[in-house]
Amino acid sequence: MPVESGSSAAARQAKQKRKSHSLSIRRTNSTEQDRSGLQRDMLEGQDSKLPLSLRSNLLDLFSQIEREFENLYIENLELRREIETLNDRLAAEGQTFEGADLAKGALKTKASHSTSQLSQKLKTTYKASTSKIVSSFKATTSRAVCQLVKEYVGHRDGIWDLSVTRTQPVVLGTASADHSAMLWSIETGKCLLKYMGHQGSVNSIKFHPTEQMALTASGDQTAHIWRYMVQLPTPQPVADISQTPCEDDVDFSDKDEADGEAEGPNDCPSIRVATTTLRSHQGVVIAADWLVGGKQVVTASWDRAANLYDVETSELVHSLTGHDQELTHCCTHPTQRLVVTSSRDTTFRLWDFRDPSIHSVNVFQGHTDTVTSAVFTVGDNVVSGSDDRTVKVWDLKNMRSPIATIRTDSAVNRISVSVNQKIIALPHDNRQVRLFDMSGVRLARLPRSNRQGHRRMVCCSAWCEDNTTCNLFTCGFDRQAIGWNINIPALLQEK
């Protein structure tokens with residue numbers, strides 16, 4: 001029997017090594033189907049509480065991630081070769097190139113771009129339902145000019161709500177957690193009257209459409225109607241404040257200058273007794289409003305009900321029930337007997353009192369968190385704001401889906417809509433106030449810095465169409481209300 005020489009044995013071993021190496025290479029470069037099938041077999045052999053379909057879906061997603069990284073790696077290799085070729089060419093031509101670092105920077109830029117694409121794909125896959133900052137944050141070509149005109153300081157606690165009278169004399173009303181409501185001269189910033197009839201936080205204030213009467217809602221489970229008579233002081237020259245484009249303002253400091261006790265107005269007359277007290281709620285009355293004509297009022301409470309009262313007799317006419325959680329706001333239509341109520345149950349409801357015998361109700365579920373407010377516009381629209389950081393514009397004729405959605409970076413509180421300019425003012429938890437048009441296009445952000453603007457959560461906004469000095473008012477938990485002059489370019493108004 002022939003004996004194999006040492007040289008032939010070594011050659012045969014080397015051949016076997018090359019063969020095994022080629023087999024391993026073929027296994028590594030096998031098709032994706034074989035690889036995914038093998039991985040599925042491995043997963044099936046492992047103990048897991050996840051359903052097989054879900055595990056298979058995860059496997060597919062991880063395979064996509066792996067392919068993305070492979071593409072990224074190959075792309076970087078090609079880019080590196082191109083950079084080396086360019087450096088060799090420059091070196092051959094005798095040119096100095098400071099671009100070793102520059103080349104690395106280009107490589108990092110390319111890698112960063114590819115990584116961002118992968119990150120975006122992952123977000124799309126795993127967070128398809130989350131909100132994205134979209135076109136509402138795009139800068140407009142012609143920005144609104146916002147000017148802080150007057151600050152109204154005197155409350156000893158946060159201000160929840162504010163409103164402007166619809167009749168002469170035009171004054172500003174504020175409702176505060178310090179158990180009081182105040183009436184202010186818009187031009188001078190002086191307190192004209194203080195109402196102190198409530199035993200709890202005053203959560204809302206609204207004025208009668210034709211008479212000098214105010215409606216306030218309180219944490220003492222009541223709503224009060226009280227008459228007022230004020231005399232406006234002589235207007236003083238307004239200090240010249242340079243107009244500031246809203247988007248260019250920078251927040252220089254978060255210093256809270258309102259922590260100290262505010263000095264209340266010393267010479268402000270007060271009212272301590274209500275003309276009419278509305279009782280029947282079993283919880284905090286969070287908001288109230290006048291129906292068109294001013295003969296009835298509606299209140300919203302934490303007892304999950306809204307009540308309709310007759311003003312003259314103070315009797316309960318209807319109790320509007322149906323919400324599953326506490327109500328947060330109520331609003332009446334300016335020309336029709338319609339009421340909209342919002343709630344923590346993520347819905348708002350439309351109540352129709354135009355036919356005395358029928359009180360129809362429609363429920364709208366367009367939000368995913370507490371609906372903080374829903375208001376009517378002069379036309380056939382309803383605008384709703386929510387803690388889910390969105391504001392939606394609805395058409396009363398077809399409210400199956402919103403006609404516009406505004407996405408923000410902070411929870412939205414009590415919004416307001418300008419009658420003449422059709423601009424939505426959004427007060428936020430993050431101390432900002434932003435302006436949008438009815439189509440959802442962002443117009444401006446009110447200035448907020450260490451020199452001006454709110455220093456705490458902004459609770460409410462209100463428009464005033466009859467005053468040229470201030471046409472927008474905001475209030476917050478920094479114990480002050482602010483009057484603004486908003487100048488919208490004609491081009492934006494036409495849109």
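Asp352 is buried, with a relative accessible area of 16% (buried means under 20%, exposed over 50%, and partly exposed in between, with a 1.4 Å probe and protein chains only). The model is predicted, so that local features need pLDDT of at least 70 and side-chain atom pairs count only at pLDDT 80 or more, whereas totals for chains, interfaces and linings use all residues. Residues are numbered from 1 along each chain as its sequence is written, and side-chain values use heavy atoms, with hydrogens and water left out.

**Exercise 1. Salt bridges**

Task: Identify the residue whose side chain meets that of Asp352 in a salt bridge, and state how many salt bridges the rule yields.

Solution.
1. A salt bridge is a side-chain nitrogen of Lys or Arg within 4 Å of a carboxyl oxygen of Asp or Glu.
2. The partner of Asp352 is Arg354, at 2.7 Å from N to O.
3. The count under this rule is 8 salt bridges.

**Exercise 2. Links between distant parts of the chain**

Task: Determine which residue forms a salt bridge with Asp161 and which one forms a salt bridge with Arg166, then place each pair in the chain and classify the accessibility of its members.

Solution.
1. Strands (E, at least two residues) and helices (H or I, at least four) are DSSP runs, numbered from the N terminus.
2. Asp161 bonds with Arg414, their closest N and O atoms being 3.6 Å apart.
3. This pair links distant parts of the chain, 253 residues apart: Asp161 belongs to strand β2, and Arg414 to the loop between β23 (404-407) and β24 (416-417).
4. Asp161 counts as buried at 2% relative accessibility, and Arg414 is buried as well, at 9%.
5. A network of salt bridges links Asp161 and Arg414 with Lys206.
6. For Arg166 the partner is Asp289, with 4.0 Å between the closest N and O atoms.
7. Here 123 residues separate Arg166, in the loop between β2 and β3, from Asp289, in strand β12 (residues 285-290).
8. Arg166 is partly exposed at 45% relative accessibility, whereas Asp289 is buried at 3%.

**Exercise 3. A sheet built strand by strand**

Task: Establish the strand order of the open sheet that contains β5, and describe how β5 joins its neighbours.

Solution.
1. Two strands pair if DSSP finds at least two bridges between them.
2. Strand β5 (residues 191-195) is mostly covered, since 5 of its 5 residues are buried.
3. On one side, 4 bridges join β5 to the antiparallel strand β4 (residues 181-185), and Trp184 stands opposite Cys191.
4. The hairpin of β4 and β5 has 5 residues between the strands, and there Gly189 takes a positive phi near 75 degrees.
5. Strand β10 (residues 270-271) pairs with β5 in the parallel sense over 2 bridges, with Ile271 as the bridge partner of Tyr195.
6. Strand β2 is joined to β3 (residues 171-176) by 5 bridges in antiparallel fashion, and Val164 stands opposite Leu172.
7. The order of the 5 strands is β2-β3-β4-β5-β10, with mixed pairing.
8. The edge strands, each pairing on one side only, are β2 (159-164) and β10.

**Exercise 4. A buried acid without a salt bridge**

Task: Locate Asp478 and list polar contacts of its side chain.

Solution.
1. Asp478 lies in the loop between β29 (472-476) and β30 (480-487).
2. Lys and Arg count as positive and Asp and Glu as negative; His and the chain ends are not counted.
3. Asp478 is buried yet has no salt bridge, the nearest side chain of opposite charge being that of Arg455, 4.9 Å away.
4. A polar contact is a pair of N or O atoms within 3.5 Å; within protein, one must be able to donate a hydrogen and the other to accept it, and residues adjacent in sequence count only if both atoms are side-chain atoms.
5. The Asp478 side chain reaches the backbone nitrogen of Arg455 at 3.0 Å, and a polar contact of 3.2 Å joins it to the side chain of Gln480.
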